[in-house]
Amino acid sequence: MIIARIIFFSLMALIGLILLGSFILFCYFAGRNGRALKYTSETAPRSMRDYIRQTEEAEEEIRSMNRQPVEIVSAEGFRLRGNLYTMNPGTKTVVLALHGYHSGDLRDMGRFLPMYRRMGYDCLIPQMRCHGESEGHFITFGFYEQVDGIAWCRKLEDIYGSDVRILLHGMSMGGTTALMMCRNRMLPDTVRAVIADSANDTLKNLVDYRYRRIPAGLRHVGMELINMWFMLLAGVDYKDITALKGTSDRKIPALFVHSMDDRVVPVSMYQSNREAWEGLAAGFTVSGVPHANAYVKDPEAYEARIRDLTQYIEE
């Protein structure tokens, strides 16, 4: 009898530890984490140094730009904050720039502001839910962020009028979010084109790739436990987070950007995103640089590819 009780309580303790461990991992992956924003080009991991330096070099020009704080309220009541850079008075073309996972508005997208100023565009850079000054309990890797993005588009319509022309430009998770927005039937017609830089195709594929060295069976069990918390606390099944399908049949012109040597989001996802896209799916790849560094490698060619979209944005 005593041995049976010992076995029973040992099993209960083991189950408790497993559940606690999966909850801690869920909070780590889906919770707020601003550690990367403390990096400078001198202290960051090697893979991040060049693009952080690119932003640092643009800081003086960014500080000279007219910046207007803006705010929306999400469907769940979270206050989401961003900054609108009104760089070209009278323009009707605005970029909605979406940053990546556990990153920040200017950290990822600030380096593009001088380019968009030259092109004659304004730019809105939100802080995505559960990042920076925006509220939110959990990151959902594009699932609810796409709805937030559509709300930001409506905000731009309020500011610029119904004839505003919106270009979506997302980096990493922001790129996936932008693609998901374009596949959402609620996306307003004012969105004319999209740029997806270093975007993954589905969260499941990304998890399988990033943790491919863990045996498949163990990885599956671990992700199902983490997903249990994801479904209970965030209301999302991670297997449903995909940029490959949606509810809209609009054919929005797109530019897909990727590094052939990306070790965070493999180039195979760039290929699957392009192949699944129903509209124009232009591509731009570079080599020899890590994740999210295409603009570092060849900023002139990057800008030229964006200018190729001008005919679709301003028509």
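**Cores and rings in a predicted model**

Visitor: Which residues form one aromatic cluster?
Guide: Happy to start there, with the note that this is a predicted model. By the ring-pairing rule, the count comes to 14 aromatic pairs. One aromatic cluster is formed by Phe26, Tyr101, Phe138, Phe141 and Phe230.

Visitor: Is the pair of Tyr28 and Phe29 stacked or edge-to-face?
Guide: Let's look at the geometry. The ring centres of Tyr28 and Phe29 are 5.3 Å apart, with the planes at 75°. Planes over 60 degrees apart count as edge-to-face, so the pair of Tyr28 and Phe29 is edge-to-face.

Visitor: Are Tyr295 and Tyr302 buried or exposed?
Guide: These two also make an edge-to-face pair, with ring centres 5.1 Å apart and planes at 75°. Buried means under 20% relative accessible area. Tyr295 and Tyr302 are both buried.

Visitor: Which helix gives the most to the largest nonpolar core?
Guide: That core has 56 residues, and those with the most contacts inside it are Leu96, Leu168, Val194, Phe230 and Trp277. Six residues of the core come from residues 173–182, which make up helix H6.

Visitor: How many residues are in the other core, the one with Met87 and Phe112 among them?
Guide: A good one to follow on with. This core lies apart from the largest one, and Tyr295 and Leu309 are also among its residues. Its count is 33 residues.

Visitor: Which residue lies over the face of Tyr209?
Guide: Here a charge meets a ring, for which CZ of Arg has to be within 6 Å of the ring centre. The distance from the ring centre of Tyr209 is 4.2 Å, and the residue is Arg212.

Methods:
Residues numbered from 1 in each chain as written. Predicted model: local features only at pLDDT ≥ 70, side-chain atom pairs only at ≥ 80, totals over all residues. Heavy atoms only, no water. Core = buried A, V, L, I, M, F, W, Y, C linked by side-chain atoms within 4.5 Å. Buried < 20%, exposed > 50% of the residue type's maximum accessible area, 1.4 Å probe, protein only. Helix = DSSP H or I, 4+ residues; strand = E, 2+ residues; numbered from the N terminus. Phe/Tyr/Trp six-rings, centres within 6.5 Å; stacked < 30°, edge-to-face > 60°. Lys NZ or Arg CZ within 6 Å of the ring centre and 35° of its normal.
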